[in-house]
Amino acid sequence: MKRLPVLSVLCAAVGLVLVWSATTSAQPASRQVSAAGAAGSQTFTVNVDGRNAANESFLAYFPRSTTIHPGDTVVFHYVGVGEPHTVTFGTLADSAIKAFASLTPKELQAQTPPKSFLAVDSLLPNLFPQGPGDVVQSAANPCYMASGTPGAALCPASQHEQPAFDGTQSYYNSGWLDSGQKWTMHLSSSTSPGTYRFFCLLHREDMAGKIDVAPSSKTIMSPAAQFALGQKQLASAEKPLAGPDAALVRGKAPVPNVTLPGTNPVLAGSGAQNSSGSIDQFGPKAVHIPVGGTVTWWMIGPHTVTFNSDKSDDDIRATAPDGTVHFNTKALLPANSPGEPTPGKPAFTSGIHFKLVASKVWNGVGFLNSGIFSNSFGPPVIEGYSIKFTRAGTYHYICTVHDRMKGTVVVGG
């Protein structure tokens with residue numbers, strides 16, 4: 001299973017999407033320790049992803065490991081910038097994560113994972129379909145199963161009500177978390193001491209964490225102290241992105257000696273290889289061109305270039321009137337513009353190669369969405385999308401996948 005220099009795989013309604021490669025919940029950093037019963041049950045916070053001024057996202061939970069007692073509560077707070085995530089516990093997830101951890105370096109680099117691992121992993125649904133279609137309902141919506149395996153369909157109503165987690169459930173899933181959402185898991189007082197692993201149904205075993213349940217008699221670190229350790233882990237993950245972030249602000253590639261081709265090039269996203277994070281920004285954020293000028297965006301990650309959007313089309317996640325979660329196709333699909341072409345066979349195996357795959361002539365009127373670009377030609381090809389502007393004005397645009405990922409094109413004047 002080859003671990004490409006990418007940070008996530010997004011199988012969206014338009015096909016396979018690859019990501020190339022903290023304002024956070026504040027808690028005091030007390031170093032107090034406590035034992036269960038001294039002050040009753042406690043509440044611990046785990047951040048899902050990370051958020052900071054650089055608009056970076058991370059395939060991790062912070063802290064990566066939390067130690068609690070039976071009867072305690074864990075609040076998972078999604079603080080990312082739009083990268084889709086779930087928090088998924090249960091014996092099925094635990095088995096898949098342990099199977100992944102047992103793979104050898106050679107198996108991790110192989111194009112096809114061992115069948116033994118695939119058999120365990122396939123028992124859990126993917127958040128997004130492997131090709132066109134809506135989100136997988138059993139993954140995108142909360143579901144709690146005492147036993148058995150989930151299919152792809154929405155779980156029955158009897159499995160929507162969240163019970164306390166006792167460590168024996170086979171599938172215990174938050175669903176696709178919305179921006180800023182908090183998902184709370186109460187631990188049963190009967191939960192046996194041990195390690196309980198969880199992961200994201202989109203990013204799979206690459207994004208995993210664990211809860212260690214200690215005997216009630218054992219003293220553990222306070223919630224605040226463990227949260228502070230998680231923030232140190234986040235700071236460590238941020239460090240490799242400092243250089244690429246500085247380059248992105250200047251509209252430069254994160255790789256030395258690589259010049260972006262095309263007219264008025266803009267990077268859509270950036271990142272650092274061998275890093276657990278990615279930068280979800282346009283660089284440079286503002287471009288000035290004459291009337292009739294062209295801007296070329298180079299897509300590094302699952303991004304869109306979307307002009308004249310409103311609240312109905314600025315997020316790929318949508319909630320239906322019945323409360324179920326689905327894709328927002330208006331945010332995902334191209335509008336008034338050609339989208340990404342049909343996936344092509346990768347022509348390169350090494351180096352960095354730029355390929356302009358779609359272009360548009362636009363007068364600045366109406367909603368325009370490039371749709372998600374999925375790196376359909378495969379790494380190491382970086383796809384380009386260009387727009388020729390025929391009318392003077394100031395045009396603001398966003399990426400519908402990532403919050404706060406914005407840019408401006410000033411034409412003429």
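In the predicted model, strand β26 (residues 393–398) and β27 run antiparallel and are joined by 6 bridges. Within this pairing, Y395 is the residue that stands opposite V409 of β27. Strand β27 (residues 406–411) is also joined to β18, in this case by 4 bridges and in the parallel sense. Here V287 is placed opposite V409, and T408 of β27 serves as the bridge partner of A286. V409 is thus faced by V287 and by Y395. Burial of β27 is extensive in the sense that 5 of its 6 residues are buried, leaving the strand mostly covered.

These strands belong to an open sheet of 5 strands with mixed pairing, arranged in the order β18-β27-β26-β20-β24. The edge positions are taken by β18 (286–289) and β24 (368–369); each has a single partner strand, so one side of each lacks a neighbour in the sheet. A286 is also related in space to a helical residue: its C-alpha atom is separated by 9.9 Å from that of V249, the two residues being 37 apart along the chain. V249 is part of helix α6 (residues 242–249). With a relative accessible area of 58%, V249 is classed as exposed, because the threshold for that class is over 50%.

A further open sheet, also of mixed pairing, comprises 4 strands in the order β6-β4-β8-β12. Its edges are formed by β6 (61–62) and β12 (182–186), each of which pairs on one side only. Strand β4 (residues 43–48) is antiparallel to β6, with 2 bridges between them, and N47 stands opposite F62 of β6. Helix α5 (residues 223–238) lies across β4 and β6, and runs at about 15° to β4.

The interior was examined next. In soluble globular proteins, nonpolar side chains tend to be buried together. The largest nonpolar core of the model contains 78 residues, among which F89, W297, F307 and F389 touch the most other members. A second core, separate from this one, has 14 residues, including F58, L241, L248 and A253. When neighbours within four places in sequence are set aside, the contacts of F389 are I289, V291, G292, G293, V295, W297, F307, W362, Y395, V409 and V411. Two of the residues in this list, Y395 and V409, also stand opposite each other in the pairing of β26 with β27. F389 has a relative accessibility of 0% and therefore counts as buried.

Aromatic pairs number 27 in total. In one of them, the ring centres of Y144 and Y172 are 4.8 Å apart and the planes meet at 65°, so the arrangement is edge-to-face. This pair connects distant parts of the chain, with Y144 in strand β10 (residues 143–145) and Y172 in strand β11 (residues 171–173), at a separation of 28 residues. Both tyrosines, Y144 and Y172, are buried. Another edge-to-face pair consists of W362 and F389, with 6.0 Å from centre to centre and 65° between the planes. Because W362 lies in strand β23 (residues 353–362) and F389 in strand β25 (residues 381–389), the pair ties together parts that are 27 residues apart in sequence. W362 has a relative accessible area of 2% and is therefore buried, the limit being under 20%.

Y144 and Y172 are also members of one aromatic cluster, formed by Y61, F76, F89, Y144, F165, Y172, W183, Y196 and F198. One of its members, F89, is also among the residues with the most contacts to other members of the largest nonpolar core. Elsewhere, a charged side chain is placed against a ring: K330 lies over the face of F367, at 5.3 Å from the ring centre.

Helix α1 (residues 91–101) has as its buried residues L92, A93, D94, A96, I97, A99 and F100. These buried residues pack against two helices, α2 (105–109) and α3 (115–121), and against the strands β9 (88–89), β13 (194–200) and β14 (204–213). An α-helix has 3.6 residues a turn, so residues three or four places apart point the same way. Pairs with such a spacing occur among the buried residues of α1, including L92 and A96 as well as A93 and I97.

Note on methods: Residues are numbered from 1 along each chain as its sequence is written. This is a predicted model: local features need pLDDT of at least 70, side-chain atom pairs count only at pLDDT 80 or more; totals for chains, interfaces and linings use all residues. Side-chain values use heavy atoms; hydrogens and water are left out. Two strands pair if DSSP finds at least two bridges between them. Contact means heavy atoms within 4.5 Å. Axes are lines fitted to C-alpha atoms, for helices over the stretch in contact, and angles run from 0 to 180 degrees between N-to-C directions. A nonpolar core is a set of buried Ala, Val, Leu, Ile, Met, Phe, Trp, Tyr and Cys residues joined through side-chain atoms within 4.5 Å. Buried means under 20% relative accessible area, exposed over 50%, partly exposed in between (1.4 Å probe, protein chains only). Rings of Phe, Tyr and Trp (its six-membered ring) pair if their centres lie within 6.5 Å; planes under 30 degrees apart count as stacked, over 60 as edge-to-face and the rest as tilted. A charge sits over a ring if NZ of Lys or CZ of Arg is within 6 Å of the ring centre and within 35 degrees of the ring normal.
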